[in-house]
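Colleague: I have a chain open on my screen and would like to talk it through slowly. Could you help me read it?

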Amino acid sequence: DYTEMNENIATILNIDWTRRPWMRVVCARAMEGLILVNRREGLLVNCAEVYSRYPILDAHHEQTKIKRYQPLNTALLHPTTKYPNVELFIVEKDNSHKLELGTKTMNVLITSSI
């Protein structure tokens, strides 16, 4: 049984982890079995890694400062998205393209899909 994302689910994915650290687990579980649909194409997410955007909460947080001689690859959200503060990105890291889902509080790296 599947449910399309709505404003309530988008709000849950954007909850601040500093006050509710257990939300990391909730968000990670929500990504299991996630189906991404683009017109007639679909992608089933088997495994995903969830990272906080805040350095104080996660050592693997997204780098938002420019390093010398390296372009800044960031998954910051655009103001207009289909779901509030939830967006898919293709980010180039380590000489490869990676699919990420970004919210205000976290990035989700899609590591296995069919």
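Modeller: We can go through the overall layout, then the sheet, two loop residues and the largest pocket.

Modeller: Please keep in mind as we go that this is a predicted model.

Colleague: Okay, basics first: how many helices and strands are there in the protein chain?

Modeller: The protein chain contains 2 helices and 5 strands, and if you follow it along the sequence you meet them in the pattern α-α-β-β-β-β-β.

Colleague: And what share of its residues counts as buried?

Modeller: The chain has 114 residues, of which 29% count as buried. As for contacts, if we take those with a separation of 6 or more, 50% come from residues 24 or more positions apart.

Colleague: Now the strands, in what order do they sit in the sheet?

Modeller: The 5 strands form an open sheet with the order β1-β2-β5-β4-β3, and their pairing is antiparallel. β1 and β3 stand at the edges with a single partner strand each, so one side of each has no neighbour in the sheet. From one strand to the next, the twist averages 45°.

Colleague: Let me zoom in on β5. How many bridges join β2 to β5?

Modeller: There are 7 bridges between β2 and β5, which run antiparallel, and one pair you can look for is Ala-48 with its bridge partner Ile-110 in β5.

Colleague: What about β4 and β5, how are those two joined?

Modeller: A hairpin joins β4 to β5 through 3 residues. Strand β4 covers residues 96-102 and strand β5 covers residues 106-113, and they pair in the antiparallel sense over 3 bridges. Within that pairing you can find Glu-100, whose bridge partner in β5 is Leu-109, and also Gly-102, which stands opposite Asn-107 in β5.

Colleague: Back to the helices for a second: which strands does α2 lie across?

Modeller: α2 lies across β2, which is residues 41-52, and β5, and the helix runs at about 165° to β2.

Colleague: Changing topic, I was clicking through the loops. Which loop holds Arg-39, and is this residue buried or exposed?

Modeller: Arg-39 lies in the loop between β1 and β2, and its positive phi of about 55° deserves a second look, given that it is not a glycine. The relative accessibility of Arg-39 is 78%, and the cut-off for exposed is over 50%, so Arg-39 counts as exposed.

Colleague: And Asn-95, where is that one found?

Modeller: Asn-95 is found in the loop between β3 and β4, and it has a positive phi of about 60° although it is not a glycine. Asn-95 is exposed as well, with a relative accessible area of 80%.

Colleague: Last topic, the largest pocket. What is its volume?

Modeller: The volume of the largest pocket is about 920 Å³. It is lined by 26 residues, and the closest to its centre are Met-5, Leu-34, Ile-35, Leu-36 and Tyr-83.

Colleague: Which elements give two or more residues to that lining?

Modeller: Those elements are α1 (7-13), α2 (23-31), β1 (35-38) and β3 (87-93), so if you colour them on your screen you can trace their part of the lining.

Colleague: And what does the lining look like by class?

Modeller: Sorted by class, the lining of the largest pocket has 16 nonpolar, 4 polar and 6 charged residues.

Terms used. Residues numbered from 1 in each chain as written. Predicted model: local features only at pLDDT ≥ 70, side-chain atom pairs only at ≥ 80, totals over all residues. Heavy atoms only, no water. 1 Å grid on protein atoms, 1.4 Å probe; cavity = no way out; pocket = protein on both sides within 12 Å on 5 of 7 lines; lining within 4 Å. Points joined across faces, edges and corners; volume = space filled by probe spheres on them. Helix = DSSP H or I, 4+ residues; strand = E, 2+ residues; numbered from the N terminus. Nonpolar A, V, L, I, M, F, W, Y, C, P; charged D, E, K, R; others polar. Pairing = 2+ DSSP bridges. Axes fitted to C-alpha atoms, helices over the stretch in contact; angles between N-to-C directions. Contact = heavy atoms within 4.5 Å. Buried < 20%, exposed > 50% of the residue type's maximum accessible area, 1.4 Å probe, protein only.
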